[in-house]
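Reader: I would like to go through this model with you step by step, from single residues up to the whole fold. Please let each answer close on the value or name I ask for.

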Amino acid sequence: NIDSRGQYGVSGSWDGSLRVWDLARGTTLHVLRPHPEALRCDIESSAISPDGRYAIAALSLIEENPRREYGRIQIWQAQDGMLVLDTEYEGAGSAHVAFATNEKAIACHGAGYVDVYDVRSATSKRLMLDEQIIERIAVNASGTLIAGITNPGCVVWQLSDGSRVSAVQFDGTRVCSFSPD
């Protein structure tokens, strides 16, 4: 995922690390270890805010003693690597993350709900959707709509209240997106 100016990017790795990239210089700005004490930490999804100030990651974790599988959402300041928000989510299923605005991050969970995080105030609200999201998500340029891949196809919802806007049925898709305009 790349910020709107093309200056910074973020990527998640199989080794559980989250990398913040300085694309202008072609170097790694930070290598973050979201949960180093876990037996296994998979970065399920990651994104960077449009202005490049924040990075968000959805983690799937396994701890050994006692054995426990669960998920976490973490938001970091991209420039200094400081953790801003760290919250556990229900179940170990995957979550998909994105930014709706510079300071509004979202996490869509397969169970059919979206958590909307206000990064500045460290608060969140939950929206219940009428469908389970099984694959990737997208947010429109104005940050008002969210699209997600569901079992029957692609569904678009209002980010303000979770109400359905439209749905397109088709098989075999794994990615959805919005036009920039």
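Reader: Is C176 buried or exposed, and what is its relative accessible area?

Author: This is a predicted model, and the values that follow are computed from it. Burial here requires a relative accessible area under 20%. C176 meets that cut-off and is therefore buried, with a relative accessible area of 11%.

Reader: Which cysteine holds the sulfur closest to that of C176, and why is there no bond between the two?

Author: A disulfide is counted when two cysteine sulfur atoms lie within 2.5 Å. The sulfur of C176 is 4.4 Å from the closest cysteine sulfur, which is too far for a bond. The residue that carries this closest sulfur is C154.

Reader: How many disulfides does that rule give, and how far is C108 from the nearest cysteine sulfur?

Author: Under this rule the model has 0 disulfides. C108 accordingly takes part in none, and the nearest cysteine sulfur to it belongs to C176, at a distance of 9.2 Å.

Reader: In which strand does C108 lie, and what is its relative accessible area?

Author: C108 belongs to strand β9, which covers residues 104–109. Apart from neighbours within four places in sequence, C108 is in contact with S94, A95, H96, Y113, V114, I133, I137 and I146. C108 is buried, and its relative accessible area is 0%.

Reader: In what order do the strands of the open sheet that includes β9 follow one another?

Author: This open sheet has 4 strands, and the pairing is antiparallel. Its edge strands are β8 (95–101) and β11 (123–128), each of which pairs on one side only. From one strand to the next the twist averages 20°. The order is β8-β9-β10-β11.

Reader: How many bridges join β8 to β9, and which residue of β9 does F99 stand opposite?

Author: β8 and β9 run antiparallel and are joined by 6 bridges. Opposite F99, the residue in β9 is A105.

Reader: How many of the residues of strand β14 are buried?

Author: Strand β14 spans residues 153–158 and is mostly covered. On one side, 5 bridges join β14 to the antiparallel strand β13 (residues 145–149), with A147 and V156 as bridge partners. Another 5 bridges join β14 to strand β15 (residues 164–169), again antiparallel, and here C154 stands opposite V168. Of the 6 residues in β14, the number buried is 5.

Reader: Which residue takes a positive phi in the hairpin of β14 and β15?

Author: β13 and β14 form a hairpin with 3 residues between them. In the hairpin of β14 and β15, 5 residues lie between the strands, and the one that takes a positive phi, near 80°, is G162.

Reader: Why can strand β6 be called largely enclosed, and how many of its residues are buried?

Author: Strand β6 runs over residues 68–77, and it is largely enclosed by the rest of the structure because most of its residues count as buried. β6 pairs with strand β5 (residues 54–63) in the antiparallel sense over 10 bridges, and with strand β7 (residues 83–89), also antiparallel, over 6 bridges. The buried share of β6 is 7 of the 10 residues.

Reader: What is the bridge partner of L61 in β6, and what is that of I73 in β7?

Author: A hairpin joins β5 to β6 through 4 residues, while β6 and β7 form a hairpin with 5 residues between them, where G81 in the turn has a positive phi of about 75°. The partner of L61 in β6 is Y70, and the partner of I73 in β7 is T87.

Reader: How many helices and strands does the protein have?

Author: The strands described above belong to a protein whose secondary structure was assigned over its whole length. The totals are 0 helices and 15 strands.

Reader: What radius of gyration does the protein have, and what would a compact globule have?

Author: The C-alpha trace spans about 45 × 40 × 35 Å along its principal axes, and buried residues make up 48% of the 181 residues. A compact globule with 181 residues would have a radius of gyration near 16 Å, so the protein agrees with that expectation, its own value being 16 Å.

Notes. Residues are numbered from 1 along each chain as its sequence is written. This is a predicted model: local features need pLDDT of at least 70, side-chain atom pairs count only at pLDDT 80 or more; totals for chains, interfaces and linings use all residues. Side-chain values use heavy atoms; hydrogens and water are left out. Buried means under 20% relative accessible area, exposed over 50%, partly exposed in between (1.4 Å probe, protein chains only). Helices (H or I, at least four residues) and strands (E, at least two) are DSSP runs, numbered from the N terminus. Two strands pair if DSSP finds at least two bridges between them. Contact means heavy atoms within 4.5 Å. The radius of gyration is taken over C-alpha atoms; the globule rule is 2.2 Å times the number of residues to the power 0.38. Axes are lines fitted to C-alpha atoms, for helices over the stretch in contact, and angles run from 0 to 180 degrees between N-to-C directions.
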